[in-house]
Every structure is written in C-alpha cells, then in structure tokens.
Amino acid sequence: MDTESPSFATPETTTPAATSPLPGSPTASSSISTTTSSSITASVSRAQTVIESLSAIITDLPSHIASSDDPAQDLLHNEKVATQISDLLRQPGSGAGDNPLCRWLYDTFQTTDPALQLVVLHHLPTIAGTYLSRVAHDRSLAGFEAVLLALYAHETTARGGQSVSVNVPDLSHPSVYHESKEPSKSNATGLHLAVISPSLEPYGTVRSTRRARIIGVALELYYSKISQMPIRSKTDFCEFCEVWAGLDGSIYDDGEEDDDAKGGKEHDQADGEAESRKEKGRKEAGRITLLWELLQPVLRILGHCLLGPVRNKELQTAASAACRSLYTRALHDINPKAILATESLLRLSKMSISAENEADPTEISQSNIIIL
Amino acid sequence: MAQSQSTEFTGSGDDSTVREVHANGLCMNTTEVEAKLDEGNIQEAESSLREGLSLNFEEARALLGRLEYQRGNVEGALRVFEGIDLQAAIQRLQPAVTEKQPAKKSRSRTESIHAVSQHAASLVLEAIYLKAKSLQKLGRLSEAANECKSVLDAVERIFYLGIPDAQVDNKLQETVSHAVELLPELWKQAGCYPEAMASYRRALLSQWNLDNECCARIQKGFAVFLLYSGVEAGPPSLAVQADGSYIPRNNLEEAILLLMILMRKFCLGILKWDPSVMEHLTFALSLCGQTSVLAKQFEEIMPGVYHRIDRWNTLALCYSAVGQNKVALYLLRKSLHKHERPDDLMALLLAAKICSQDNLLASEGVGYAKRAIDAAQGKDEHLKGMGLRVLGLCLGKQAKVASSDFERSQLQSEALKSLDAALALEPNNSDLIFELGVQYAEHRNLNTALRFAKRFIDATGGSILKGWRLLALVLSAQQQFSEAEVVTDAALDETAKWEQGPLLRLKAKLKISQSSPLDAIETYRYLLALVQAQRKSFGLTRNASQAEDDKDNEFEVWHGLANLYSSLSYWKDAEICLSKARESKAFSAEALHTEGMMHERRGQIAEALASYINALLLEPSYVPCKILIGAVLYKMGPSALPVARGLLADALRLEPTNRNAWYYLGVVHKEDGRVADAADCFQAASMLEESDPVESFSSLF
C-alpha cells in the first residue's frame with residue numbers, strides 16, 4: 001500500500017502550529033526535513049532517532065525494535081509500546097504543554113515520515129478521547145492541542161485547504177456502470193452536491209468553537225490511513241465513542257443472543273445493576289456535545305470497524321457497543337441524520353453476523369455425477 | 001465456514017455417496033479411482049480414468065483434480081493440478097495472432113472452431129479455477145488470487161473477439177462468472193486492497209456476460225468495500241469514461257452509484273430484494289447529509305417491502321434532517337394516528353420536537369410530548385427525560401401565543417417545571433441546560449438564567465457559540481453592558497473569523513447601549529468588511545441557503561448602521577445605509593420600521609404612518625410597528641384612541657414583555673381618563689425597563 005501523498009515530500013509550510021505551542025522542543029524536522037534523498041537508510045535512521053527519544057519516556061522499550069529492518073513498522077505494531085504510551089496518555093496531567101510524551105508525538109509527526117506519522121495517528125483515538133473528555137474542566141492541555149493542531153495542519157496542507165464534496169449521482173444520467181434511456185440534457189441537472197468536509201482554514205491555536213472541527217479533521221486524516229492501523233487503535237477509538245456518547249446502549253443489544261441465553265441474561269441484569277450504574281456514571285461524565293462535524297468522521301470510522309474488510313471479533317464487539325451508544329445518544333438528541341446513520345449501522349452489523357453462514361456463491365456445484 | 005462443513009460432509013460420507021464420471025459418451029463409477037487416490041497413487045488413478053473413458057492426459061488430470069476437490073481433499077487436488085502445465089495448455093488454446101476476423105460466409109466453420117475450443121478451454125480454465133479455490137481453502141491467498149487472475153487473463157486472450165451470446169458453453173460461462181466474482185474477494189482477503197479495487201472494476205466494467213444475481217453480488221461487494229475499506233480508490237481509468245456519462249470521483253460517489261443501481265434493479269423486479277443494500281445506502285447518504293435523495297429512494301421502493309408505518313417514520317427522519325419539517329410532521333401525523341402506531345416513541349419525540357419550533361404547532365406538540373412520556377417505559381425508560389424536555393419546549397412556545405395572562409404564566413411555569421424534571425433525569429445534557437437558560441431568561445428570571453448560561457459554557461468548554469451569546473444577552477438584560485462586552489470579546493477570541501458575525505453585531509449593539517456610537521460604527525464597519533469578504537471568497541462554492549444567509553448578514557449590518565445614524569440624526573447617512581440594506585433584501589418590515597422612524601422624527605407623520613402600515617402588511621405580527629402606529633395615533637385625538645389601544649393590546653399579546661407597548665398603553669389609558677389602569681401599565685413598563693436584552697432571546701434558537 002502506497003502511503004505517499006504529495007504533502008509528505010515537501011516540508012510543511014503552512015503549519016502555524018509548527019513553532020508556537022512547544023517552544024522548547026528540539027525541532028527534529030529541521031535537521032531531517034530534506035526528504036529528497038529519502039532512501040531507506042535515511043528513514044531507518046530517522047526512525048531510530050525517534051525510538052531513542054522515546055526510550056527516555058517509556059520504561060520498557062523492547063530493544064529489537066530499534067535494530068529491526070523496518071523500525072517504524074515495528075514501533076507501530078508493538079503492543080507493549082502501544083500500551084505504555086496509551087497508559088501515559090490517560091494519566092492525569094498528561095496533556096500539559098511540557099509533557100514529554102506529547103512533545104515526542106508532536107516531533108515524531110513533524111518528521112514528515114509517513115511511516116512514523118502512522119505511529120502518531122495510532123494514538124489519535126486516545127489523544128482525542130482524553131482531550132475531549134477533559135477539556136471542559138481542565139485548561140492545561142496545550143500538549144494535546146499541539147499534536148491535534150499538527151494533524152489538522154497536515155490535512156489542511158494536503159488538501160490545499162479545499163473542501164471535500166460528493167456529487168450524489170442521479171440515475172437518469174448514464175454512468176460508467178449503467179446506461180440510461182433518457183438522454184441527459186445537461187450534466188449539471190439533477191446532481192446534488194454535498195459538502196462532506198468544508199474548506200479548511202489554518203489555525204494556530206485551538207479556539208473552543210473550532211475544537212470539534214479540528215478534531216473532526218484529524219479524524220478524517222486517521223480514517224484515510226485506517227487500513228494501516230493496528231486493531232488496538234481502533235478498539236480504543238470505539239471505547240471513546242461510548243464515553244463521548246455518555247449513554248449506555250446495551251438495551252439495544254439483541255443481535256447475538258439466542259433463546260437460551262436470553263433467560264440467563266435477565267437474571268444477570270438484576271445482579272449487575274449496581275455494577276452497571278457505576279459504569280454508567282463513569283461514562284456519563286465524559287459526555288460531550290456531538291456536533292455533526294465531529295460525529296460524521298466518527299461514524300465513518302465506526303463503519304470501517306464494523307463492516308471493513310478485516311473481520312476481527314474483538315473489534316466488532318467494541319464497534320457494535322460504540323454504535324449502540326451513539327444510536328441511543330442520537331435518540332436523546334432527536335437528531336434525525338444521526339438516527340438514520342447509526343440505526344443503519346446497527347442493522348448492518350446484525351445482518352453481517354447472520355450472513356456469515358450463508359453459502360459461498362463462488363463454490364462449484366457439487367453433484368455426484370461429474371460430466372467432462 | 002459453511003463451505004468447509006459441506007466439503008467435510010461429502011468427504012466423510014463417501015460410503016453412502018457413489019460418484020460417477022461421464023465423458024465421451026462413456027460412464028464410470030469412481031469408487032476404484034478414489035481408492036487409488038486415497039493410496040496416493042495419482043498415476044494409476046489417472047490411467048484407469050484414461051482407459052475407462054478414453055481421455056487424454058490433461059482431461060484425466062483435470063477430472064481427477066475435480067474429484068479430489070469435491071471430496072474435500074484440497075491438498076490432493078492441488079497436487080493433481082500442479083501436475084498439469086496449465087499455462088502451456090492455455091498457450092495452445094490461444095488463436096494465432098495473424099488470424100483475422102473470419103468472413104461471413106465461413107461462419108459455420110468458425111462456429112465449430114469456437115465450439116471445440118470452448119470445450120477444451122472450459123476444461124483447462126476450470127482446472128485453474130479449482131486450483132485457485134484449493135489455494136484459497138489452504139489460506140494461500142495471494143497465490144490463489146494470481147491463479148484466479150490467470151483464468152480471466154486467459155479468457156481475454158483466448159476469446160479476444162468475444163463469443164456470441166447464444167453459443168456460450170454453460171460450463172465455461174459458469175467458470176468465468178465464478179472467477180470474476182472470486183478474484184476481488186481473494187485480493188481482499190489477502191489484504192491487497194488496490195488489486196481488489198482493480199479487479200472489482202474489471203469485473204464490472206468488462207463484458208463477462210454475468211447473470212443478474214452474480215453481477216449484483218459483485219456490485220454490492222464493491223460498494224461495501226468502497227464504503228468501509230478506508231482505502232481511496234480514485235476515479236476509474238480514462239479508458240472506460242464515455243462522453244457525457246457520470247464518472248464517480250471518489251469512494252462515496254462510486255458506492256452510492258452502485259447501490260442506487262442495485263435499488264433500481266430491485267424496483268424493476270430484476271433482483272430479489274436485499275435489505276442490506278438499502279441500509280448501506282442509508283448510511284452513505286446520511287453521511288453526506290443528502291437525506292432528501294434518500295427519501296426519494298425510499299419512496300421508489302415497491303409497497304410490501306417495508307411496513308407503511310416504518311416507511312413513513314423513516315421518511316420523516318429523512319425530511320426532518322434536511323429541514324423539511326412540514327413534510328416530516330405530515331408523515332408523522334399519519335404514522336401516529338390512533339389506527340397506526342400511536343405509541344412509537346421515536347416518532348412521538350420527533351413530532352414533538354418539530355412542533356416545539358413553531359408557536360402555532362406548540363399545542364399539538366404538547367400532546368405528542370405527553371404521549372411520549374407515557375410511552376417511555378420499560379426498555380425505553382431512558383427516553384423519559386427527552387419526553388419531558390420536548391414537553392417543556394412546547395409549553396414554552398405555547399405560552400407565547402396564549403390568549404390570556406393567566407394562561408401564559410401557567411404555561412410558562414409548567415414549561416419550567418417540565419424542563420427542570422428533565423434535567424433531574426439527565427443532569428449531563430448540555431442542550432437542556434441551555435434551553436433552561438433561555439426559558440428563564442424569557443421569563444425574566446435573570447439570575448437563574450445567568451447561572452444556567454454559565455453552566456452551559458462550563459459543560460461545553462465554551463465550544464458552542466450560542467452559549468456565549470446567551471450569557472452576553474442575559475448580562476445585557478441585567479444592564480451590565482461592560483460585562484456583556486467582556487463576554488463578547490472572550491467569545492470573539494474563541495471564534496474563527498467567519499463565524500464572528502453575530503458576535504460583532506451584538507458588540508455593536510452593546511456599544512450603542514453604552515452610548516459610544518463611534519465605537520459601534522467602527523464595529524459595524526469591520527463586520528461589513530467581513531461579510532463582504534466572506535461573500536467574495538466563498539461566492540462560488542456556497543449553496544443557496546448559505547448565500548441567503550450572507551444576504552441576511554449584510555442586510556443586518558446596513559440596517560443596524562441605518563438605525564444608528566438615524567438615532568444620531570445623520571439623516572443622509574442613514575438613508576444611504578437603508579438603501580444599501582434594501583439591495584440585499586428589498587421587502588423587509590425592519591427597513592420600513594427604520595424608514596418610518598426617520599420620517600416621524602423629522603415630523604413627517606403621514607409618511608411615517610404609511611411606512612409603519614406597510615411594514616405590518618409585510619409582516620402582520622411585527623410588534624415594533626404596531627406599537628409605533630399606536631404611539632402616533634394617540635396623538636391624533638380621542639377618536640383614534642380605541643384603535644391605538646387595540647393595536648397596543650395586540651402587541652402585548654405577542655410580546656408580553658415589551659416595555660414600549662406597556663408604556664404607550666399606559667399613555668392611552670391616561671388620555672382616556674383611566675388613571676388606575678394607566679398607573680398599572682406604567683409600573684409594568686418601568687419594571688421591564690431594567691430587563692431588556694440588546695437582542696431578543698428568541699434569536700438564540
């Protein structure tokens with residue numbers, strides 16, 4: 001899979017965040033930004049530098065990563081490292097401006113090395129999740145904001161600030177996949193232009209009314225690389241969706257249980273009530289306002305987790321739970337667009353479970369008489 | 001999974017099943033051959049087949065491979081297939097490059113050529129296909145994909161002229177269709193997404209003579225892949241782009257196109273209904289916010305697929321999501337009818353919410369909300385708070401059109417009670433906190449309103465603009481203009497340039513209230529520059545409603561300036577601003593209002609009255625002009641007093657907290673000699689004087 005996009009090759013010019021939020025950070029990008037000679041050795045040594053600085057932050061960094069042939073890839077997929085980073089990110093005070101981990105994430109992203117940027121994106125769910133749940137009460141989150149702004153700036157440059165739109169097709173026009181009897185009079189008629197991500201302005205700080213948009217754009221960037229993300233990162237994301245929704249969706253969980261499990265479940269419900277109430281309290285505390293500019297990329301990512309080409313049981317369970325929570329939330333907000341989208345995702349995930357046992361249409365017909 | 005089960009079944013059940021092979025008019029029982037295969041003796045099995053059915057080496061091998069595959073012994077099948085040089089066989093089947101399109105007269109001869117080569121080709125291609133299937137079952141996915149691909153490559157090379165429809169060998173077609181369908185699936189399972197994209201497109205854009213079901217499965221598979229894989233496919237190659245036809249440019253467009261094509265096939269009865277297609281389309285179109293297109297799709301579905309009530313409710317969601325609330329409400333009324341599904345909670349809540357946005361529908365909404373609260377039981381109990389919330393909102397709206405003071409205050413306190421009860425159930429619901437703030441503010445309970453406004457900003461981390469505006473307006477109603485300005489400035493800091501319009505307008509009005517008109521003019525100037533820059537820089541990309549918003553903004557600025565200049569008696573400037581305002585909005589009660597005031601203040605009473613009356617003709621419930629007409633009329637002598645009184649009472653019915661209306665009503669009472677009534681009105685006016693916000697609270701919604 002080719003991850004090269006034009007913006008990676010050029011040092012980012014319109015990143016207002018590049019200098020301001022972390023004044024003391026050693027600018028790794030300045031020393032290595034000449035990616036013109038992006039030979040493999042250069043990227044390996046870049047990754048090694050990054051790993052070396054990480055070793056000062058986390059306690060247990062497996063030594064084989066630095067010496068591997070593709071250290072960035074190993075760093076991305078190493079469960080042990082991911083757990084430590086994720087734990088650190090969730091600690092109180094983790095998002096401060098002088099937090100070494102945030103600085104490391106920021107510097108790593110600014111290396112403009114696609115493989116290393118994936119390592120940062122891996123942790124976007126945790127950063128965005130922790131940040132959004134805290135930001136109303138906690139003002140010292142400059143470290144998180146610097147990372148988020150860097151992602152936003154990257155996406156802004158990559159798109160040239162342009163909006164992303166969708167021309168919803170109209171079948172009365174012929175297309176590459178179908179013919180149409182009535183000849184089209186003009187190309188413009190009948191097409192519905194939908195802006196799915198408006199044009200981007202460069203931002204140097206996180207203004208509170210633009211917060212959802214900045215994170216939404218960072219999530220759009222995450223979505224564009226999602227096929228390369230480890231499962232762990234996606235399950236983290238699903239967990240935070242539940243926290244953001246602030247509501248428990250388990251009442252809408254009727255997909256997987258069979259008849260005998262149902263009886264047992266009711267029984268459990270009484271026992272687990274106290275437990276679930278505690279859980280409920282934790283979740284409700286993280287509830288945030290779900291503006292469409294944030295919810296839309298969230299739903300795209302969830303769609304991938306539920307119905308994407310890689311089927312992983314753990315991920316699907318997490319994604320269904322997230323989806324149920326968001327559906328419950330959509331009902332509470334009486335938000336028609338969100339109700340439609342989350343409800344269809346829920347139904348699809350149920351259908352995909354029941355479709356697993358369907359016959360394979362590419363199998364040859366099995367008859368006992370074989371005719372040559 | 002089902003596959004392995006079924007092959008296991010046939011594999012273990014070979015005592016009961018007796019297979020036969022037919023070829024060249026001969027027939028043979030395979031028990032003996034299978035026994036040889038079980039011993040691992042491929043050569044002997046092969047030769048007994050060759051003898052029994054008079055086959056050549058390749059035919060016998062292909063048959064053996066198929067037998068092994070069918071027995072579930074994929075490893076054995078693979079061993080057999082690997083013994084055949086399939087590529088060489090394909091090479092032999094390929095027509096010589098020099099061969100030309102045969103002339104028409106030799107048609108019968110070419111037909112026979114086709115027939116022969118089709119049969120041979122079918123044998124070889126099936127062998128390769130089964131090899132791919134065997135590799136797939138062994139988990140060697142990229143190898144499987146490459147084999148499968150070679151089937152399609154071979155078909156293209158062997159039959160590069162195509163085959164007339166009527167002459168296609170069934171078996172050949174089956175193998176080709178299978179291979180076309182399997183290839184993208186294999187690449188997908190192997191994690192090679194770009195290859196999967198390419199093979200989906202190859203399947204759908206080349207002519208493989210697929211049957212409808214098979215083609216539909218591929219189209220759906222591709223649409224699903226485009227929607228959820230997270231890998232951008234890029235537009236299809238230029239080669240397939242025909243003039244004037246729609247070319248999808250990104251994944252969403254392509255997926256929506258394919259799903260719509262599938263929907264059309266369902267509607268035409270070509271395909272069996274598959275509910276998942278509509279769900280995928282729902283997801284995709286809601287993401288784009290194009291639910292009006294989605295509604296059209298739902299309307300096109302044949303009756304009998306969805307229950308009519310489900311369809312009405314879904315359509316209501318679709319229309320409501322694009323702001324067509326009238327249509328949505330009409331549909332919901334049908335579905336909530338007592339003979340349909342009167343207790344559907346989602347429908348009740350949506351209907352109540354729609355009603356809560358309109359004074360005249362509010363009482364209908366109260367009914368829905370109460371039914372929703374009753375229906376929120378058991379599993380749905382968590383929605384009870386929402387029922388209370390919409391009930392509160394509807395009651396609050398209903399209070400605005402109440403016919404008596406008594407009724408109004410009763411409705412208002414019920415509204416507050418209901419919203420408070422909702423908050424008790426949902427203490428973290430920030431929308432609710434905001435609505436309570438507005439409700440209290442409209443009730444002129446400003447201290448409580450202030451508390452809620454602050455709480456809303458805390459809960460949302462200041463991320464919602466209207467929270468800042470509420471706080472500033474409440475402060476302005478408390479006559480704390482400088483604090484309100486501090487809040488507005490803080491809000492400006494938290495807002496990006498293009499969203500600053502409403503805040504700047506607020507700031508200008510605060511400046512006027514603080515008697516600094518020059519600062520206000522400065523703020524208006526800045527705002528005007530902003531609005532115009534916005535229109536220029538986004539002019540082409542804006543849709544109709546945004547363009548309308550831009551016009552409204554510009555109108556507001558010019559109108560505000562006109563008011564300001566007129567209050568300073570700069571008549572010339574005021575007139576210029578007013579004419580500018582009219583350029584963006586030709587007919588507006590507000591502009592006529594300002595014009596009338598300018599006439600009145602210059603002593604042109606008749607002209608002023610004409611402007612006010614025109615404003616009322618445009619907007620019959622425009623309160624400020626009702627009051628001004630009343631104010632002008634009472635000066636015209638006792639005969640006009642009843643008319644003035646009627647107008648003012650009407651204004652108060654619409655806006656019970658309007659200080660000017662109370663004041664002039666007091667004046668009218670006094671002129672008429674009803675001193676006690678006059679005193680009451682003056683008292684009301686003086687109490688209200690302290691609590692007017694610079695912009696109305698209802699502008700917050």
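Which residue just after α11(B) takes a positive phi? To find the answer in this predicted model, select helix α11 of chain B, residues 212-228, and step past its end to B:Gly230, where phi is about 75°.

**Stop 1: helix α11 of chain B**

Keep α11(B) selected. The helix comprises 17 residues, and the distance from its first C-alpha to its last is 24 Å, close to the 24 Å expected at 1.5 Å a residue. Now show the surroundings of the helix: 13 of its 17 residues are buried, so α11(B) is largely enclosed by the rest of the structure. At the N-terminal end, display the side chain of B:Asp211, which caps the helix. One of its side-chain oxygens lies 3.1 Å from the backbone nitrogen of B:Glu213.

**Stop 2: the interface of chain B and chain A**

Colour the two chains separately and select the residues in contact. On one side there are 116 residues of chain B, and on the other 80 residues of chain A. The two chains bury about 8400 Å² between them, with 61% of that area on carbon and sulfur atoms. Select next B:Tyr228, B:Tyr246 and B:Leu287; these supply 8% of the area that chain B buries against chain A, more than any other three residues.

Polar features can then be added to the view. Across this interface of chain B and chain A, the rule finds 29 residue pairs in polar contact and four salt bridges. For a salt bridge between the chains, display A:Arg347 and B:Glu279, whose side chains meet at 3.0 Å, N to O.

**Stop 3: the two domains of chain A**

Hide chain B and colour chain A by domain. Domain 1 takes in 36-161 + 203-223, while domain 2 takes in 230-256 + 279-357. The contact draws 25 residues from domain 1 of chain A and 21 residues from domain 2 of chain A. Between the C-alpha centres of these two domains of chain A the distance is 24 Å. Together the domains bury about 1900 Å², of which 64% is on carbon and sulfur atoms.

Across the interface of domain 1 and domain 2 of chain A, the rule finds four residue pairs in polar contact and three salt bridges. Select A:Glu79 and A:Arg232 to see a salt bridge in which the closest N and O atoms are 3.6 Å apart. On the side of domain 1 of chain A that touches domain 2, the elements giving two or more residues are α5 (71-77), α6 (79-90), α8 (114-122), α9 (124-134) and α11 (211-224) of chain A. Highlight α11(A) among them: this helix contributes eight residues, the largest share of that side.

**Stop 4: A:Ala146**

Is A:Ala146 buried or exposed? Select this residue in helix α10 of chain A, residues 142-159. Its relative accessibility is 0%, so A:Ala146 counts as buried. Add A:Gly95 to the selection: the two residues are 51 apart in sequence, yet their C-alpha atoms are 9.5 Å apart in space.

**Stop 5: A:Pro198**

Finally, move to the loop between β2 (192-197) and α11 of chain A, where A:Pro198 is placed. With 42% relative accessibility, A:Pro198 counts as partly exposed. Beyond residues up to four places away in sequence, A:Pro198 touches A:Arg159, A:Gln162, A:Ser163 and A:Arg213. Measure from A:Pro198 to A:Arg213 to close the tour: they are 15 residues apart along the chain, and 9.7 Å separates their C-alpha atoms.

Note on methods
Residues are numbered from 1 along each chain as its sequence is written. Chains are lettered from A and ligands numbered from 1 in the order in which they are written. This is a predicted model: local features need pLDDT of at least 70, side-chain atom pairs count only at pLDDT 80 or more; totals for chains, interfaces and linings use all residues. Side-chain values use heavy atoms; hydrogens and water are left out. Helices (H or I, at least four residues) and strands (E, at least two) are DSSP runs, numbered from the N terminus. The expected span of a helix is 1.5 Å times one less than its number of residues. Buried means under 20% relative accessible area, exposed over 50%, partly exposed in between (1.4 Å probe, protein chains only). A polar contact is a pair of N or O atoms within 3.5 Å; within protein, one must be able to donate a hydrogen and the other to accept it, and residues adjacent in sequence count only if both atoms are side-chain atoms. Domain bounds come from an automatic or database domain assignment. Contact means heavy atoms within 4.5 Å. Buried area is the accessible area (1.4 Å probe) that two parts lose on being put together, summed over both.
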